[in-house]
Amino acid sequence: MDLSVDAERLRADIEANAAFGRVETDDPKAHARTNRTGTEANRRARDRLVERFRDAGLDVTVDAVGNVLGTWTPESADPDAAPVVSGSHLDSVPEGGIFDGPLGVYAALEAVRAMRDDGFEPDRPVGVVSFTEEEGGTFGNGLLGSAVATGELALDDALALSNADGETLGDALDRIGYRGGSAVDAATPTDADGEAATIGPESWAAFYELHVEQDTTLESTGAAAGVVTTITGITHCEATIEGEANHAGATPMDERTDALAAASEFVLDVEAAANEVVASSSPSAVGTVGSLSVAPNATNVVPGRVEAGVDVRDVEAESMETIVDAARDSLARLARDRGVETEFERPFDVAPTPMSDRLREAAHEAAEAAGREAIDLHSGAAHDAMRVARVTDASLLFAPSRDGVSHNPLEWTDWGDCAAATEVLAGALARVAAGDR
């Protein structure tokens with residue numbers, strides 16, 4: 001089963017979406033956008049997506065947290081059958097690229113249009129979804145819309161989250177007309193009490209997400225698509241080191257309790273622990289101290305307090321625990337050897353998430369039928385597919401990223417690569433929607 005996609009139609013969709021929140025730069029190779037949840041740019045991007053859904057004959061649903069779902073139910077499909085759904089997100093990081101998220105949404109839509117244009121007759125409905133606030137940083141820590149839809153985050157808690165201006169997510173969605181579907185004349189799911197609810201991925205037969213790789217494996221191998229085996233686990237830890245602030249000139253070196261000097265050892269200890277895990281057991285493991293807050297942060301004062309943010313990731317949970325334990329051990333040693341006081345918290349923890357074997361097999365078969373090379377690889381970044389995988393079969397596919405750059409105006413995936421990966425997605429969706437998988 002080989003479906004031909006319209007590469008120019010896909011390109012036009014992504015370029016049109018890139019105009020919402022466009023950031024002008026002097027670099028001709030840069031294509032930047034800032035599309036944060038609740039902004040005017042975000043509203044316009046959503047409006048255009050709803051319009052494109054309707055142009056393609058999809059029924060539109062907007063749920064209580066702003067997730068947008070379009071559903072194609074041709075005459076061949078049993079309307080009560082569990083749908084096959086694909087998609088990603090439209091929001092971006094500040095001055096991000098134009099492919100991260102939108103490629104997955106519009107590739108899914110293009111896959112549906114390719115099925116329709118080919119006369120393909122699925123046995124079940126096919127859906128296209130755009131999840132709210134995948135990136136995080138505006139409301140919450142990311143993957144918000146899919147977390148609410150899958151029951152991992154309560155709707156009321158999500159709507160109460162605030163942005164930097166103090167506006168809640170609920171108020172922001174109200175303001176742009178996407179807290180439910182009434183503002184755009186779309187269906188709104190309801191719960192048993194008739195209250196606005198969220199879409200239910202637990203009722204989906206399968207979910208596929210296509211995303212740019214954000215790494216160089218596909219580019220270096222020349223493969224058209226990546227079929228993800230496992231999405232990395234992610235742990236965020238917060239380490240606090242308390243010393244004593246004192247005068248930089250009047251405090252002798254042997255009388256100091258320098259929190260920043262201690263923190264510098266902590267940073268290197270985390271790096272060493274990650275390198276040891278890579279060398280001994282899991283090459284995909286990473287450990288990063290990515291943020292430091294130093295107080296009082298004055299050149300002429302011995303630092304008295306440091307707060308450090310730690311990011312640990314791997315496809316093996318045991319490897320993550322090894323690095324986290326090493327971070328704790330480092331703080332204990334620093335307290336003992338340097339006289340500092342330390343605290344350690346772990347506020348965010350997502351386990352590694354394996355992808356569905358049957359959906360991965362369908363993707364490989366689709367690639368072979370389309371004459372495209374697809375390879376297995378893991379994902380070092382989080383994606384909505386890992387939330388959906390908690391409640392139904394899910395699969396993550398990758399398209400190549402030039403130089404592995406992402407979350408950056410220089411993020412780029414050649415248009416031919418976009419189309420090739422979309423062909424693989426379309427073939428995989430068709431196989432599952434036809435009941436072959």
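# Exercises on a predicted model

The structure holds five aromatic pairs. The model is predicted. Work through each task below with the structure open.

## Exercise 1: A ring cluster

Task: Classify the F99–W412 pair, and state what parts of the chain the pair ties together.

Solution.

Step 1. Take the geometry. A pair of aromatic rings is described by the distance of the centres and the angle of the planes. For F99 and W412, the centres are 5.1 Å apart and the planes stand at 90°. The cut-off for pairing is 6.5 Å between centres, and an angle over 60 degrees counts as edge-to-face. The F99–W412 pair is therefore edge-to-face.

Step 2. Place the residues. F99 sits in the loop between strand 5 (84-89) and helix 3 (102-118), and W412 in the loop between strand 17 (394-399) and helix 12 (415-433), so the pair ties together parts that are 313 residues apart in sequence.

Step 3. Check burial. F99 has 0% relative accessibility and counts as buried. W412 has a relative accessible area of 12% and is buried.

Step 4. Add the next ring. F99 also pairs with W415: 5.2 Å centre to centre, 55° between the planes, a tilted arrangement. This pair links distant parts of the chain, with F99 in the loop between strand 5 and helix 3 and W415 in helix 12, 316 residues apart. Both F99 and W415 are buried.

Step 5. Assemble the picture. Ring pairs link F99, W412 and W415 into a cluster.

## Exercise 2: Two cavities

Task: Which residues line the largest cavity, and how are they divided by class?

Solution.

Step 1. Count. There are two cavities of 30 Å³ or more.

Step 2. Take the largest cavity. Its volume is about 60 Å³. The lining consists of N42, R46, G66, V68, L90, D91, S130, F131, T132 and E133.

Step 3. Find the elements. Helix 2 (40-55) and strand 6 (126-131) each supply at least two residues of this lining.

Step 4. Sort by class. The lining of the largest cavity has three nonpolar, four polar and three charged residues.

Step 5. Turn to the second largest cavity. Its volume is about 40 Å³. R33, S92, V93, G96, G97, D100, E135 and H407 line the second largest cavity. By class, this lining has one nonpolar, four polar and three charged residues.

## Exercise 3: Strand 9 and its partners

Task: How many bridges join strand 9 to strand 13, and how many join strand 9 to strand 14?

Solution.

Step 1. Locate strand 9. The strand covers residues 233-242. Seven of its 10 residues are buried, so strand 9 is largely enclosed by the rest of the structure.

Step 2. Pair strand 9 with strand 13 (residues 305-314). The two run antiparallel and are joined by 10 bridges. For I234, the bridge partner in strand 13 is R313.

Step 3. Pair strand 9 with strand 14 (residues 341-350). These strands also run antiparallel, with eight bridges between them. For H236, the bridge partner in strand 14 is F348.

## Exercise 4: An asparagine in a loop

Task: Is N67 buried or exposed, and which backbone oxygen does its side chain reach?

Solution.

Step 1. Place N67. The residue lies in the loop between strand 3 (59-62) and strand 4 (68-72).

Step 2. Judge accessibility. N67 has 0% relative accessibility, so it counts as buried.

Step 3. Follow the side chain. The N67 side chain reaches the backbone oxygen of G145 at 3.1 Å.

Technical notes: Residues are numbered from 1 along each chain as its sequence is written. This is a predicted model: local features need pLDDT of at least 70, side-chain atom pairs count only at pLDDT 80 or more; totals for chains, interfaces and linings use all residues. Side-chain values use heavy atoms; hydrogens and water are left out. Rings of Phe, Tyr and Trp (its six-membered ring) pair if their centres lie within 6.5 Å; planes under 30 degrees apart count as stacked, over 60 as edge-to-face and the rest as tilted. Helices (H or I, at least four residues) and strands (E, at least two) are DSSP runs, numbered from the N terminus. Buried means under 20% relative accessible area, exposed over 50%, partly exposed in between (1.4 Å probe, protein chains only). On a 1 Å grid over the protein atoms alone, a cavity is a set of points where a 1.4 Å probe fits but cannot get out, and a pocket is an open set with protein on both sides within 12 Å along at least five of seven lines; lining residues have an atom within 4 Å of a point. Grid points are joined across faces, edges and corners, and a volume is the space filled by probe spheres set on the points. Ala, Val, Leu, Ile, Met, Phe, Trp, Tyr, Cys and Pro count as nonpolar, Asp, Glu, Lys and Arg as charged, and the others, Gly among them, as polar. Two strands pair if DSSP finds at least two bridges between them. A polar contact is a pair of N or O atoms within 3.5 Å; within protein, one must be able to donate a hydrogen and the other to accept it, and residues adjacent in sequence count only if both atoms are side-chain atoms.
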